[in-house]
Amino acid sequence: MMDGLQYTFSDTIKQWVGSKSTWHYIRLPAAMSDEIHTLSQYHQTRRRGWGAVKVEVSVGNQQWQTSIFPAFEGKRYALFLKAEVRKQLGVAVGSEITVTLKILL
């Protein structure tokens with residue numbers, strides 16, 4: 001069972017602008033994404049829609065639950081950051097953040 005498996009990484013917040021919405025996100029490193037994808041395939045009966053993997057996120061003293069999604073080039077997982085989360089963390093596009101993800105499959 002992989003519940004409780006943790007990953008820590010840093011990335012710069014990026015912005016994707018679509019025709020109807022704007023998303024703020026960070027990308028998980030490629031090797032980390034590959035490992036999570038492989039492990040989530042093994043536990044496929046517990047995965048969520050669109051290949052999402054449920055996680056608990058910690059950044060600084062903030063903690064919340066959400067899902068990561070395989071997105072963008074190479075299907076690397078992305079962690080999307082809602083406006084409320086960015087406001088609480090005091091971050092914006094271009095800010096580098098360090099994230100700890102706990103897998104909740």
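Let's start at Val 55, which sits in strand β4 of this predicted model. Is Val 55 buried or exposed? With a relative accessible area of 0%, Val 55 falls under the 20% cut-off and therefore counts as buried. Setting aside residues up to four places away in sequence, Val 55 touches two runs of the chain: Trp 64, Gln 65, Thr 66, Ser 67 and Ile 68 on one hand, and Leu 101, Lys 102, Ile 103 and Leu 104 on the other. One of these partners, Gln 65, is 10 residues away in sequence, and the two C-alpha atoms are 5.8 Å apart.

At the end of the same strand you will find Val 59, since β4 covers residues 53-59. Val 59 is buried too, because its relative accessibility of 7% is under 20%. Beyond its neighbours up to four places away, Val 59 touches Trp 64, Leu 89, Ile 97, Thr 98 and Val 99. Between Val 59 and Leu 101 there are 9.1 Å from C-alpha to C-alpha, with a sequence separation of 42 residues.

Leu 101 is worth a stop of its own. Once neighbours within four places are left aside, Leu 101 is in contact with Leu 5, Gln 6, Tyr 7, Phe 9, Leu 28, Val 55, Glu 56, Val 57, Ile 68 and Leu 79. The largest nonpolar core has 22 residues, and those touching the most other members are Ile 36, Ile 68, Val 99 and Leu 101. Two or more residues of this core come from each of β1 (6-12), α1 (30-42), β4, β5 (62-70), β6 (77-80) and β7 (96-103).

Now step back to the whole chain. Its secondary structure consists of 2 helices and 7 strands, and along the sequence these follow the pattern β-β-β-α-β-β-β-α-β. Of its 105 residues, 37% count as buried. Among contacts with a separation of 6 or more, 62% are between residues 24 or more positions apart.

How are the strands ordered in the sheet? The 7 strands form an open sheet that reads β1-β7-β4-β5-β6-β3-β2, with antiparallel pairing. At the edges are β1 and β2, each of which pairs on one side only. Ignoring direction, neighbouring strands are turned by 40° against each other on average. Helix α1 packs on this sheet, where it touches β1, β4, β5, β6 and β7, and its direction makes about 140° with that of β1.

Follow the edge strand β1 next. It pairs with β7 in the antiparallel sense over 7 bridges, and Thr 8 stands opposite Thr 100 in β7. The two faces of β1 are easy to tell apart: Tyr 7, Phe 9 and Asp 11 make up the covered face, while Gln 6, Thr 8, Ser 10 and Thr 12 make up the uncovered one.

Elsewhere in the sheet, β3 (residues 22-27) and β6 run antiparallel and are joined by 3 bridges. Arg 27 has Ala 78 as its bridge partner in β6.

These two strands also bring us to the aromatic residues. The model has 3 aromatic pairs. In one of them, the ring centres of Tyr 25 and Phe 80 are 6.0 Å apart and the ring planes are at 50°, so the pair is tilted. This pair links distant parts of the chain, with Tyr 25 in strand β3 and Phe 80 in strand β6, 55 residues apart. Tyr 25 is buried, because its relative accessible area of 7% is under 20%. Together, Trp 23, Tyr 25, Phe 69 and Phe 80 form one aromatic cluster.

Our last stop is Lys 14, in strand β2 (residues 14-17). Why does this lysine count as buried? Its relative accessible area is 18%, and the limit for a buried residue is under 20%, so Lys 14 qualifies. The side chain of Lys 14 makes a polar contact with the side chain of Asp 11, at 2.8 Å; Asp 11 belongs to the covered face of β1. Leaving out residues up to four places away, Lys 14 touches Trp 23, His 24, Tyr 25, Arg 27 and Val 93. Two of these, Trp 23 and Tyr 25, are members of the aromatic cluster.

Definitions and conventions: Residues are numbered from 1 along each chain as its sequence is written. This is a predicted model: local features need pLDDT of at least 70, side-chain atom pairs count only at pLDDT 80 or more; totals for chains, interfaces and linings use all residues. Side-chain values use heavy atoms; hydrogens and water are left out. Helices (H or I, at least four residues) and strands (E, at least two) are DSSP runs, numbered from the N terminus. Buried means under 20% relative accessible area, exposed over 50%, partly exposed in between (1.4 Å probe, protein chains only). A polar contact is a pair of N or O atoms within 3.5 Å; within protein, one must be able to donate a hydrogen and the other to accept it, and residues adjacent in sequence count only if both atoms are side-chain atoms. Contact means heavy atoms within 4.5 Å. A nonpolar core is a set of buried Ala, Val, Leu, Ile, Met, Phe, Trp, Tyr and Cys residues joined through side-chain atoms within 4.5 Å. Two strands pair if DSSP finds at least two bridges between them. Axes are lines fitted to C-alpha atoms, for helices over the stretch in contact, and angles run from 0 to 180 degrees between N-to-C directions. Rings of Phe, Tyr and Trp (its six-membered ring) pair if their centres lie within 6.5 Å; planes under 30 degrees apart count as stacked, over 60 as edge-to-face and the rest as tilted.
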